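Grab a pencil and work through these exercises on the model below. Each one starts with a task, and a worked solution follows.

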Amino acid sequence: MSRLLLVTILALISVSRATAEDALDRFAPERLAAMHEAVEALKSQRVEIPRTGPLREYRANLHVHSLLSHDSRGKIEDIVAAAKSVGTQILMFTDHTAATYDSFDDGHQGLRDGVLLIPGAEAKGLLVFPRESFRKFEASPVQDFSDVVRSRGGLTFVSHLEERMDWQLTGITGNEIYNTHADFKEEKRLIAAMRNPLWLVTASGLIRKYPQEAYSALHDYPADYLKRWDQLCQLAPHTGVSANDAHQNVGLVIRKIDGDKVRVEDPLGEKLIELPAAAVQPLLATLPPSDAGADPSILFKLQLDPYANALRHVATHVLMPELTQPALWEALEAGRAFVAFDWLADSTGFDAAVFAGDARHELGSRPAWSDGLHLQARAPLPGHWKLIRNGEQVAEGTGRAFEQAIAEPGIYRLELWLDVAGAERIWVLGNPWFVGAE
Ligand SMILES: [Zn+2]
């Protein structure tokens, strides 16, 4: 492909821009630079909030794939190292099921280098975290399957809500309230641009300079997911969790092959196209050295979704007394967790509770209805607080703290938004209090 053709393709992409913001807009060099500066500025404004009481906060990444999945080559030691680098203490794996291994018996489990590994699977539209092999039940209809996993001590969450908004399973632990891959699927113009390997080569300098901002350009408020979650919580408590859907499988490798040809591959080694070397070499010559590593046949390598960036993007912060599987189960069953887009700023210390006198009701709990219920929340950064009751905003505030009297029964949840580079971005999504539910 000639340089002229590339320029033409890029021009066509820019002409086809719709009015809605797409991640491609956020790829503009000045936008990425401004976002980087804003994130750095937030770091300097942040204050530590010490947590009191018996509960400690642990950062969990759910919906993580490793080399057990057909569509990932991630080695466990590399994923654990990435987790540690972003402050994650819990990795909940959801490898795709396969005949070659058992999701529980062969899954990653136990403490490794201080990170608690939980084996699980992405199966039948669910995130499944079993306590024993579920293989012999896998052919069951999804409700029966969930029931049997739950009856044997496992957790089940509905995954990829955008594909199953009509699902209404009973007895499940909860659902994803954000899924990175679902968020990515909405970025139509970025996806169109990425289909052209030469666009990726051209953009690689920017992506290497701002890897997190480039990865997280896909981040939007998950309005459809939250609307559905609010509906589901009206039927029964559903613990909301975030899904990283981390695979480390998006990117590009250009490899020199026989003669004067190059082979363009995805990061899993699948061939995308073969081109005459002359078509890409002038372009490659203009770029900074790539992260090709020791393999001399690799002319260019770009990984768009390294585990560290995928795991930093969003997490589920779980409140529990100790870092053990039983404590994690108890907290997730109780909804004692919040979801945070930590790529904007570290949300550790976010704290919110409903008080009835001195009695403290944590996130996810079910305080009985009484007069004088009072919500108190605080965060390590000032933001825009929104209190949602039964799916509708009923109060708001700004600052590092938020207080609100609870005037009537209902299902209440908190959102906290940050002002980042001139726009409000969703930062924290708390699990609801079910006030007067029983
Ligand atoms: Zn997945």
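**Exercise 1: helix 10**

Task: In this predicted model, find which residues of helix 10 are buried, and what covers them.

Solution. Start with the cut-off: a residue is buried if 20 or more other C-beta atoms lie within 10 Å of its own C-beta. Run through helix 10 with that in mind and you pick up Y225, L226, R228, W229, D230, L232 and C233. Next, look at the spacing. An α-helix makes one turn every 3.6 residues, so residues three or four places apart point the same way. Now ask what sits over the buried residues of helix 10: the cover includes strand 9 (174-179), strand 10 and strand 21 (410-420). Finally, check the length. Helix 10 has 13 residues and spans 19 Å from its first C-alpha to its last, close to the 18 Å expected at 1.5 Å a residue.

**Exercise 2: where two domains touch**

Task: Work out how many residues domain 1 and domain 3 each bring to their contact, and which element gives the largest share on the side of domain 1.

Solution. First lay out the pieces: domain 1 (52-96 + 112-250 + 304-338), domain 2 (251-303) and domain 3 (344-438). The C-alpha centres of domain 1 and domain 3 are 23 Å apart. Their contact takes 17 residues from domain 1 and 17 residues from domain 3. On the domain 1 side, the elements that give two or more residues are helix 10 (223-235), strand 10 (239-246), strand 15 (315-320) and strand 16 (337-340). Helix 10 comes out on top here, with a share of four residues. Sort that side of domain 1 by class and you get eight nonpolar, five polar and four charged residues.

**Exercise 3: the core**

Task: Find the residues with the most contacts inside the largest nonpolar core, then list what L91 is in contact with beyond its close sequence neighbours.

Solution. A bit of background helps: in soluble globular proteins, nonpolar side chains tend to be buried together. The largest nonpolar core here has 111 residues, and the ones with the most contacts inside it are I90, L91, M92, V318, A340 and W427. Strand 19 (residues 373-389) gives the largest share of this core, eight residues. Now zoom in on L91. Skip its neighbours within four places in sequence, and you are left with N61, V64, I79, A83, V115, L117 and I118.

**Exercise 4: two positive phi angles**

Task: H63 and K124 both have a positive phi without being glycine. Is each one buried, partly exposed or exposed?

Solution. Take H63 to begin with. Its phi is about 65°, and H63 lies in strand 1 (residues 56-64). Count the other C-beta atoms within 10 Å of H63 and you get 25, so H63 is buried. Then move to K124, with a phi near 60°. K124 is in the loop between strand 6 (121-123) and strand 7 (126-129). K124 has 18 C-beta neighbours inside 10 Å, so it counts as partly exposed.

**Exercise 5: far in sequence, how far in space?**

Task: Find how far apart the C-alpha atoms are in the pair S66 and A246, and in the pair I388 and N196.

Solution. S66 is in the loop between strand 1 and helix 4 (76-85). S66 has 23 C-beta neighbours inside 10 Å, so it counts as buried. S66 and A246 are 180 residues apart in sequence, and their C-alpha atoms are 8.4 Å apart. Not counting neighbours within four places, S66 is in contact with S72, G74, I76, I79, F93, D95 and H108.

Now for I388, which is in strand 19 and is buried, with 21 other C-beta atoms within 10 Å. I388 and N196 are 192 residues apart along the chain, with 42 Å between their C-alpha atoms.

**Exercise 6: the whole protein**

Task: What is the radius of gyration, and what does the globule rule give?

Solution. Begin with the parts: 13 helices and 23 strands. The radius of gyration is 23 Å, close to the 22 Å that the globule rule gives for 438 residues, so the protein is as compact as a globular protein of that length. Buried residues make up 43% of the 438 residues.

Terms used: Residues numbered from 1 in each chain as written. Predicted model: local features only at pLDDT ≥ 70, side-chain atom pairs only at ≥ 80, totals over all residues. Rg over C-alpha atoms; globule rule 2.2 N^0.38 Å. Buried ≥ 20, exposed ≤ 12 C-beta atoms within 10 Å, placed from the backbone. Domains from an automatic or database assignment. Contact = placed C-beta atoms within 7 Å. Nonpolar A, V, L, I, M, F, W, Y, C, P; charged D, E, K, R; others polar. Expected span 1.5 Å × (residues − 1). Core = buried A, V, L, I, M, F, W, Y, C linked by C-beta atoms within 7 Å.
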